[in-house]
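Here's a quick walk through a two-chain model, written for someone who likes geometry with their residue names. Have the viewer open and follow along.

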Amino acid sequence: MSITMNHLTEGEVIRVADDQLETDESQRVNEHLESCAECRAQVSRANIRRQRLSSLLGASDFATPMMSVPQAGTNVIDFNHAREQRTRRSAWAMQPRMRAAAAIILLLLGTLAIEPVRAAVTGWLRSQWNRIAPREQVSPPQQAPSQQAPLPLGPRIEFEHEGRELRLEFISPAVGSVLQLRRGAGTNVVAESSHPGADLLVLPEGLRITGGGAGKGIYAVTVPASITTVTVSSSGRVVARATNDQMVAGMTLQLR
Amino acid sequence: MSASELLDISALFAEHHEPLFRYLSRLTGDADLAADAVQETFVQLLKKPPELRHIRGWLYKVGTNAALMSRRTTSRRQHILTHAEERVPMGDSPNTPDLALDRAEQRRIVQAALQKLPDRDRTILLMREEGFSHKEIAEAVGTTTGSVGTLISRAMDRLARELKLDEEIWP
């Protein structure tokens with residue numbers, strides 16, 4: 001099947017842009033993105049739209065007025081209250097009637113083990129779901145993304161890492177939103193590696209280092225001046241973080 | 001009783017009231033109403049606190065309900081849209097007149113576009129702006145996590161048309 005038959009849905013495009021892909025779809029979506037320029041363009045457009053909306057909102061916000069802490073007889077919030085209520089509900093649920101109801105439900109669920117019953121139930125549930133759930137249109141992108149002028153480049157940071165994959169997140173100062181490193185998203189990121197034999201790829205899902213084994217290398221990333229914070233993750237773990245005032249030329253962030 | 005489960009409201013208020021106000025003022029386009037909703041939210045927090053680990057999502061959910069309910073019952077929406085230029089919002093800082101005018105005009109345009117969206121779509125977009133995950137957004141507005149992306153996409157399509165987000169007028 002050709003690539004164009006498998007374009008990302010509009011929901012998937014947003015989940016990529018927001019770094020919200022589910023585990024079970026991540027591999028398929030990322031593989032598709034690596035080979036499909038049209039979908040990368042859609043992701044890029046989603047990122048640009050988000051940045052522009054953030055910019056508009058930030059520029060038109062009300063200043064926060066002076067507000068005093070509400071008084072309601074006490075200044076202390078008792079979060080145990082919620083836990084105790086939950087415990088009471090839990091105890092109530094174990095009353096004889098509730099136990100009987102639970103047993104009936106379990107019995108009904110047990111019938112789902114029988115194939116014809118399961119097929120009938122899942123078929124009905126699917127038809128109900130199709131009626132109420134928003135449909136994700138599998139459609140080709142409607143227009144190409146805007147060509148962005150490169151942003152002015154800011155300070156240069158260097159950091160070391162030992163893993164094979166890095167993920168960088170840049171925090172925008174305007175609204176505190178997190179921008180994941182992306183190719184062609186208007187965030188002009190330049191990355192280079194001093195690690196011998198390692199290829200450094202700027203991919204939609206982040207910065208990927210291939211080859212070169214697990215040896216230590218120094219990687220330099222040049223980010224726009226508007227970036228205030230950069231966070232580096234390796235294998236899901238935050239390994240380095242630097243704020244703009246720390247990002248001075250030639251600085252090396254040591255991994256924890 | 002665990003001491004860690006008892007917190008002074010001042011600390012939570014200091015941490016959350018400003019972003020909550022920003023979110024609610026964007027949601028409603030009304031700084032006065034947003035400030036009232038923030039106060040109401042923290043009163044509710046004192047009366048009926050959620051589990052501590054859910055505090056942020058709870059604040060935004062309760063704040064959203066308080067703000068939207070207040071706006072509906074007082075029918076202020078039409079008034080705000082009609083008289084936006086005449087109002088002097090309590091939240092505005094004392095900028096120079098030109099700067100204040102530019103800001104007010106930009107706010108009017110952005111708010112007009114936002115207010116054309118259904119409450120749910122506006123809530124979803126603005127919670128996204130505040131950095132909530134799709135799962136947290138889904139829980140707040142009562143939908144499935146998987147449909148949040150689609151709802152965002154469609155709402156952004158509408159906003160892009162209204163606010164010219166796809167046009168080459170941006171720096």
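What follows goes from the chains as a whole to aromatic rings, a helix crossing and a few single residues.

**The two chains**

Keep in mind that this is a predicted model. Chain A has six helices and 11 strands, while chain B has eight helices and one strand. In chain B the order from the N terminus is β-α-α-α-α-α-α-α-α, so to speak a strand and then helices.

On burial, 36% of the 256 residues in chain A are buried. For chain B, the buried share is 47% of 171 residues. Now for contacts with a separation of 6 or more: in chain A, 64% of them join residues 24 or more positions apart, and in chain B that share is 65%.

**Aromatic rings in chain B**

How many aromatic pairs turn up over all chains? The count is three. Two of them are laid out here.

| Ring pair | Centre distance | Plane angle | Class |
|---|---|---|---|
| Phe13(B) and Phe42(B) | 4.9 Å | 70 degrees | edge-to-face |
| Tyr23(B) and Tyr60(B) | 5.1 Å | 50 degrees | tilted |

Why is the phenylalanine pair called edge-to-face? The planes of Phe13(B) and Phe42(B) are at 70 degrees, and the label goes to angles over 60. Phe13(B) belongs to helix H1 (residues 9–28) of chain B and Phe42(B) to helix H2 (residues 31–47) of chain B, so this pair ties together parts 29 residues apart in sequence. Both partners are out of the solvent's way by the burial criterion: Phe13(B) is buried at a relative accessible area of 3%, and Phe42(B) is buried at 0%.

The tyrosine pair, Tyr23(B) with Tyr60(B), is tilted, with planes at 50 degrees. Tyr23(B) sits in helix H1 of chain B, and Tyr60(B) in helix H3 (residues 55–74) of chain B, so here the parts tied together are 37 residues apart in sequence. Tyr23(B) and Tyr60(B) are both buried.

Ring pairs also bring in Phe132(B), which makes a cluster with Tyr23(B) and Tyr60(B). Arg56(B) adds a charge to the picture. Its charged end sits over the ring of Tyr60(B), 5.4 Å from the centre, and also over the ring of Phe132(B), 3.9 Å from the centre.

**Leu20(B) and Gly29(B)**

Back in helix H1 of chain B, have a look at Leu20(B). Is Leu20(B) buried or exposed? Its relative accessible area is 0%, so Leu20(B) counts as buried. Which residues does Leu20(B) contact once neighbours within four places in sequence are left aside? They are Val38(B), Thr41(B), Phe42(B), Leu59(B) and Tyr60(B). Phe42(B) and Tyr60(B) have already come up as ring partners, of Phe13(B) and Tyr23(B) in turn. Along the chain, Leu20(B) and Glu130(B) are 110 residues apart, yet their C-alpha atoms are separated by 9.0 Å.

Gly29(B) is in the loop between H1 and H2 of chain B. A loop position might suggest exposure, but Gly29(B) counts as buried at 8% relative accessibility. Gly29(B) also has a partner far off in sequence: Ala112(B) is 83 residues away along the chain and 8.8 Å away in space, C-alpha to C-alpha.

**A helix crossing in chain B**

Now move to helix H7 (residues 134–141) and helix H8 (residues 145–163) of chain B. Their axes come within 8 Å and cross at roughly 90 degrees. H7(B) is therefore roughly perpendicular to H8(B). On the H7(B) side, the residues that meet H8(B) are His134(B), Lys135(B), Ile137(B) and Ala138(B). On the H8(B) side they are Thr145(B), Val148(B), Gly149(B) and Ile152(B). By type, this contact has four nonpolar residues, three polar and one charged.

**An enclosed helix in chain A**

Finally, chain A. How many of the eight residues of helix H1 (residues 10–17) of chain A are buried? Eight of the eight are, so the helix is largely enclosed by the rest of the structure. Charged side chains are on that buried list too, among them Glu10(A), Glu12(A) and Arg15(A). Just after H1(A) comes Asp19(A), with a positive phi of about 55 degrees.

Technical notes:
Residues are numbered from 1 along each chain as its sequence is written. Chains are lettered from A and ligands numbered from 1 in the order in which they are written. This is a predicted model: local features need pLDDT of at least 70, side-chain atom pairs count only at pLDDT 80 or more; totals for chains, interfaces and linings use all residues. Side-chain values use heavy atoms; hydrogens and water are left out. Rings of Phe, Tyr and Trp (its six-membered ring) pair if their centres lie within 6.5 Å; planes under 30 degrees apart count as stacked, over 60 as edge-to-face and the rest as tilted. Helices (H or I, at least four residues) and strands (E, at least two) are DSSP runs, numbered from the N terminus. Buried means under 20% relative accessible area, exposed over 50%, partly exposed in between (1.4 Å probe, protein chains only). A charge sits over a ring if NZ of Lys or CZ of Arg is within 6 Å of the ring centre and within 35 degrees of the ring normal. Axes are lines fitted to C-alpha atoms, for helices over the stretch in contact, and angles run from 0 to 180 degrees between N-to-C directions. Angles under 35 degrees count as roughly parallel, over 145 as roughly antiparallel, 65 to 115 as roughly perpendicular and the rest as oblique. Contact means heavy atoms within 4.5 Å.
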